[in-house]
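Here is a small set of exercises to work through with the model open beside you. Try each task before reading its solution.

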Amino acid sequence: MTTTSTEHDVKFDPDRESAPSVSAHSLSDSQVINDPNWDITAILSPDESPYAEVRAAVANIDDPEMPCSTIRAWAIGLVWAILISGLNQFLFFRYPTVTVGPLVALLLSLPMGRAAARVLPNAKIFGAELNPGPFTIKERVQLVSFLQHLHVLVGIMANVGFATPWATEIVATQRVYYNQTWNFSYQWLIVMGTQLIGFSFGGICRRFLVAPAAMIWPANLVYCTLLNTLHQRSYAEIDKNATSGRYRFFLYVFGCSFIWYFLPGYLFTALSYFSWVCWIAPKNIVVNQLFGTVSGLGMSLITFDWAQIAYIGSPLATPWWAEANVAGGFLVFFWIVTPILYYTNTWYSKYLPISSRTSFDNKGKTFNVTRILAPDATLDVAAYNDYSPLYISTTFAVSYGLAFAASTATIVHVALYYRKQLRDQLKARRSGANQPDIHQRLMSHYSQVPDSWFVAIFGELSQKTLFDSSVSDLNMHFHRLTGVTFVISIISFELWKTEFPVWAFIVSIIIAFVYTVPVGIILALTNQQLFLNVITELIAGYILPGKPIAMMMFKTYGSMAMAQAVTFTSDMKLGHYLKVPPRVTFCAQLSAAILAGTVQLGVQAWMFSNIPGMCGAKQSSGFICPRIKTFGTASIIWGVVGPHRMFSPGALYSGLLWFFLVGALLPVGSYLLAKKYPKSAFKYVNFPVVFTGTGDIPPATAINYVPWAIVGFVFQFMIRRRHFSWWSKYNYVLSAALDSSIALSVVVIFFCLQYPRNGAIGAHSIKTWWGNTVYTTTADGTSKPLLPIPASGTFGLSTW
């Protein structure tokens, strides 16, 4: 047997008990190219993950005999699914915002579980024990696996409500932009349709996105670290003393960060929008456009607000090579290309702010969509010709171009780099014991979820199904394909006047399914997600011209179903890492998805009914609805005006269509260079990440990217490289502490200081002092354009 064959056996035959360790240096060039997360200096062991990030965060032990799906786990999990989904829907409309993630649920569910163990009687309900044992860390020698299983089940259910469904954005946009407030039945049907179709797609694609060890899902490592820290679990290179120290470290950072956020979040908000250069020259428009943080390009570099830094995701959870791709894309396209386009007056951009979330008319005012709408919410062409063409800021236009490039780059990149792995997964045997990853081998002890469950989604669930993960004949309950999700989706747009035909719905979900695996691979490797909103908007604009509600429907089913698919897949990987039985994960996700979507709609309705000035630009508590403005602007661009009036040959923004070709060609170049020089930095170049990493602009601004990249460089490159033992022990704990403390601090500030008395607390003191107003009075804060509107009263195109 040759040396190469032996190395192949070690890597791909984990069942060999005497398998020797092998250096990652022995990997083939193709393996080095395809997996930039692989630790090239590691000595591989069949009982450890080959990825340093995973070894630092995930336990490589499990006891499959310990119970998991208990009544108290379900009760606590559903409570947190309600709370997390409600709070996130509430915070979704605020800027700056943080997301109350599953970290909060994981923190607070531990004392809740312990309290339940002390209070609940030793009784049975439907044959399941109400209190199967003490919920205490003191007995972790016997119960550590049970405690961890119980805890992560709560986290998975809370995680389902972590993100706001785009379908709720349709509801809000109809209310704000089109004066349409349709009843709750319509709202619930479209939310359930997108949520559950995504759930089905995610389950079907899990063999590509969950089982392979290379799909590390960096964000999940933060949750794993927190769980292991709370339970003081020793594993891999992390010993008992280390976990105890991590718990103390978490508490110290959490407390300090919670208190600190009262400064940038309420008392001294200029620390959040720290555009110090603009304070020196507040009326200099060019200086404010370059260094501003509200409508500028953020060259001031600094913020003291973790909510701003982590707005696009924690920089401590993303691999540095991926962060470098994002930073490189931002530098090239927003600090070089954008100023060139703006100051050469491309697209008449000098008459607009350099960066803005909204759209404009030829008078420099916010585009008034009601002036061009017919009574049935479709385009009135005559009114449009009498009014104005639609203009967008330079950063907005560039972001559209990057989205075009990302849509083609993702497909080409995955086809070039991962076609062999995808083919192997299609041919692979179903048994997890035949997989090389230690975590996949451990999960092979549990009954897997048949694909038919995800196809069917709904079936006859018995009580025993929910509370006993050992049931072996559950497949009989899912034998009938009901097609309920497909049907309720059609009902939602057929019974109400959405102008969305069934054939277009079918096209949209095909797009979502085709992109689920490519987008999931990029996200699992880099923690950067491609959204299909722009490409689906473009398609909808051409096939459903002048129909904004139909366009939003197409966009939501085409893009959100895919986004929900990878979100559900991420949760499956979390359960995979923490050894939760797959069938328990399935039931938890499905139940929480239905509950969370219902709660989110209720919270949104309450906010629009009870918060004064909701979605207004000057809303006193920050509920300016930045994402709804972006969503609404997109509905005007693509649904009302239409892409043929903006992007077709001869139209003002037609040049952006070249980005499709650029996105398809650049990955080919990077692939060929990486293949020729496999040990060079070319293997880290990932053009889908370059193009999609800045996809949150707008509503994000430069202040959300530059400090993010700086923090990522310090922790994910410098500290990880020079102080790896400290990084392994504390990096993800630090991220968990900062994220969860800020989330709680935001909620406390709002409900204690901003919401009471209709926001009158501090209205003439704290809210008006220099530290809370200095950044709002500059040219950056007021979004000043470089040129005034000409004396004629309009600028730009003479015909459109």
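## Exercise 1: Helix α23

α23 is mostly covered, with 18 of its 25 residues buried; buried means under 20% relative accessible area, exposed over 50%, and partly exposed in between (1.4 Å probe, protein chains only). Before going on, note that this is a predicted model, in which local features need pLDDT of at least 70, side-chain atom pairs count only at pLDDT 80 or more, and totals for chains, interfaces and linings use all residues. Residues are numbered from 1 along each chain as its sequence is written, and side-chain values use heavy atoms, with hydrogens and water left out.

Task: compare the expected span of helix α23 with the distance between its end C-alpha atoms.

Solution, step by step:

1. Locate the element: α23 covers residues 502-526. Helices (H or I, at least four residues) and strands (E, at least two) are DSSP runs, numbered from the N terminus.
2. Work out the expectation: the expected span is 1.5 Å times one less than the number of residues, so the 25 residues of α23 should span 36 Å.
3. Compare: the end C-alpha atoms of α23 are 35 Å apart, which agrees.
4. Look for a bend: α23 has a kink of about 40 degrees at Thr516, shortly before the proline Pro518. The bend at a residue is the angle between axes fitted to the seven residues ending there and the seven starting there.
5. Step past the end: Asn527 follows α23 and has a positive phi, near 65 degrees.

## Exercise 2: Two buried residues in and after α23

Task: find which residues Ile509 and Gln528 touch, leaving out residues up to four places away in sequence.

Solution, step by step:

1. Fix the criterion: contact means heavy atoms within 4.5 Å.
2. Start with Ile509, which is found in helix α23. Its relative accessible area is 13%, so Ile509 is buried.
3. List the partners: Ile509 touches Ile197, Phe201, Phe486 and Tyr557.
4. Add a distance: Ile509 and Lys555 lie 46 residues apart in sequence, and their C-alpha atoms are 9.8 Å apart in space.
5. Move to Gln528, in the loop between α23 and α24 (533-543). With a relative accessible area of 7%, Gln528 is buried.
6. List again: the residues that Gln528 touches are Thr318, Val326, Ile522, Leu523, Val689, Gly693 and Trp708.

## Exercise 3: The disulfide

Task: which cysteines form a disulfide, and how far apart are their sulfur atoms?

Solution, step by step:

1. Apply the cut-off: a disulfide is a pair of cysteine sulfur atoms within 2.5 Å. The structure holds one.
2. Name the pair: Cys615 and Cys625 are linked, with their sulfur atoms 2.0 Å apart.
3. Read the torsion: the angle about the S-S bond is -80 degrees, and the link of Cys615 and Cys625 is left-handed.
4. Place the ends: Cys615 and Cys625 both lie in the loop between α26 (582-610) and α27 (626-641), so the pair ties together parts that are ten residues apart in sequence.
5. Check the cover: Cys615 and Cys625 are buried.

## Exercise 4: Positive phi in a loop

Task: are Asn345 and Tyr348 buried or partly exposed?

Solution, step by step:

1. Find the loop: Asn345 sits between α16 (320-343) and β5 (359-360), and Tyr348 is also found in the loop between α16 and β5.
2. Read the backbone: phi is positive at Asn345, near 60 degrees. Tyr348 is not a glycine, yet has a positive phi of about 55 degrees.
3. Read the cover: Asn345 is partly exposed, with a relative accessible area of 26%. Tyr348 is partly exposed as well, at 28%.

## Exercise 5: The whole chain and its confidence

Task: what is the mean pLDDT of the protein chain, and where does pLDDT stay under 50?

Solution, step by step:

1. Set the scene: the protein chain has 32 helices and six strands, and 60% of its 800 residues are buried.
2. Take the average: pLDDT, the predictor's confidence in each residue, from 0 to 100, has a mean of 79 for the protein chain, and 81% of the residues reach 70 or more.
3. Find the weak stretches: among them, residues 233-238 stay under 50, and the model has 27 contacts beyond four places in sequence for them. Residues 429-434 also stay under 50, with eleven such contacts.
4. Draw the lesson: where pLDDT is low, the predicted coordinates should not be read in detail.

Notes:
Expected span 1.5 Å × (residues − 1).
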